[in-house]
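Take a look at the model below. Keep it open as you read, and find each part as it is named.

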Amino acid sequence: MGEHTLDRALVLFDQVAQKNGAMRWASRNEEAVIERKLGKPNDALTLYDEVLKSDAAPAEKREALCGKGDIFFEAGSADSTNYQRAIEAYDQLASDKEGSSDWGNQALFKKGLCLEKKGDRAGALATFYKILENGSHPEERREVFWYYKAGFNAARLLEEDSKWESAVAIYDKLVAAGGSRSEEARARLNNIRLEHFLWTD
């Protein structure tokens with residue numbers, strides 16, 4: 001979308017929000033997304049804070065909290081203190097017991113990225129492992145998008161530290177998950193076993 005189209009969309013979403021109807025807070029979240037696309041993170045933060053301080057539904061508040069964390073994460077490259085602010089938002093989202101595993105795993109995954117950016121590789125790895133542990137429960141297995149992202153990132157960190165057997169154990173989990181990236185995990189698993197003579201009987 002061009003800038004003019006985005007500006008027009010902002011006006012329309014604002015009109016919806018001003019009517020104070022059922023779509024008010026969803027519209028504010030959409031406005032925040034557009035402000036981010038327009039390169040106005042501070043305006044987006046103001047909108048997200050408005051949603052978080054409101055009587056919005058839990059789902060809308062989760063979206064705002066995640067968006068707020070994402071803004072701080074993106075700002076971390078300019079000021080590393082923003083990574084900690086992002087972590088605080090993601091921790092809050094991950095601790096929401098009423099939220100779906102999708103929200104919780106997304107928050108944990110993004111927290112792991114923040115920790116890695118801060119140079120805390122052990123913390124990042126532990127956070128990625130937490131998602132893999134969550135996914136080992138049968139009722140949680142339905143969420144595989146963030147499960148795979150966490151697994152591949154954990155395995156990458158282990159490979160970078162030459163911890164081949166631990167990386168193999170991660171790839172084994174990803175293969176067993178039986179989702180869209182299982183074959184990718186299988187290929188990486190076989191490659192590591194060939195390169196490092198880790199075949200088992």
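This report looks at two helix pairs, one residue and one further helix.

## Helices α2 and α3

This is a predicted model. Start with helix α2, residues 24–37, and helix α3, residues 41–52. Their axes come within 8 Å and cross at roughly 160°. An angle over 145 degrees counts as roughly antiparallel, so α2 is roughly antiparallel to α3. The crossing of these two helices is left-handed.

Which residues of α2 and α3 meet? From α2 come R24, W25, R28, N29, E31, A32, V33, E35 and R36. They meet D43, A44, L47, Y48, E50 and V51 in α3. By class, the contact of α2 with α3 holds 7 nonpolar, 1 polar and 7 charged residues.

## Helices α5 and α6

Now move along the chain to helix α5, residues 81–94, and helix α6, residues 101–117. Here the axes come within 8 Å, and they cross at roughly 160°. That makes α5 roughly antiparallel to α6. The crossing of α5 and α6 is left-handed.

On the α5 side, the contact uses Y83, A86, I87, Y90, D91, L93 and A94. The α6 side supplies W103, G104, A107, L108, K110, K111, C114, L115 and K117. This contact of α5 with α6 divides into 11 nonpolar, 1 polar and 4 charged residues.

## A residue to find: Y83

Y83 lies in helix α5. Is Y83 buried or exposed? The relative accessible area of Y83 is 7%. The limit for buried is under 20%, so Y83 counts as buried.

What does Y83 touch, leaving out residues up to four places away in sequence? The list is F72, F73, G76, S77, C114, K117 and K118. Two C-alpha atoms are also worth finding: those of Y83 and D70 are separated by 9.6 Å. Along the chain, Y83 and D70 are 13 residues apart.

## Helix α9

Helix α9 covers residues 164–177, which is 14 residues. From its first C-alpha to its last, α9 reaches 20 Å. That is close to the 20 Å expected at 1.5 Å a residue. After α9 comes G178, with a positive phi near 70°.

Which residues of α9 are buried? They are A167, V168, I170, Y171, L174, V175 and A177. An α-helix has 3.6 residues a turn, so residues three or four places apart point the same way. The buried residues of α9 pack against three helices: α7 (121–134), α8 (145–160) and α10 (182–196).

Notes: Residues are numbered from 1 along each chain as its sequence is written. This is a predicted model: local features need pLDDT of at least 70, side-chain atom pairs count only at pLDDT 80 or more; totals for chains, interfaces and linings use all residues. Side-chain values use heavy atoms; hydrogens and water are left out. Axes are lines fitted to C-alpha atoms, for helices over the stretch in contact, and angles run from 0 to 180 degrees between N-to-C directions. Helices (H or I, at least four residues) and strands (E, at least two) are DSSP runs, numbered from the N terminus. Angles under 35 degrees count as roughly parallel, over 145 as roughly antiparallel, 65 to 115 as roughly perpendicular and the rest as oblique. A crossing is left-handed if the near helix is turned anticlockwise from the far one by less than a right angle, and right-handed if clockwise. Contact means heavy atoms within 4.5 Å. Ala, Val, Leu, Ile, Met, Phe, Trp, Tyr, Cys and Pro count as nonpolar, Asp, Glu, Lys and Arg as charged, and the others, Gly among them, as polar. The expected span of a helix is 1.5 Å times one less than its number of residues. Buried means under 20% relative accessible area, exposed over 50%, partly exposed in between (1.4 Å probe, protein chains only).
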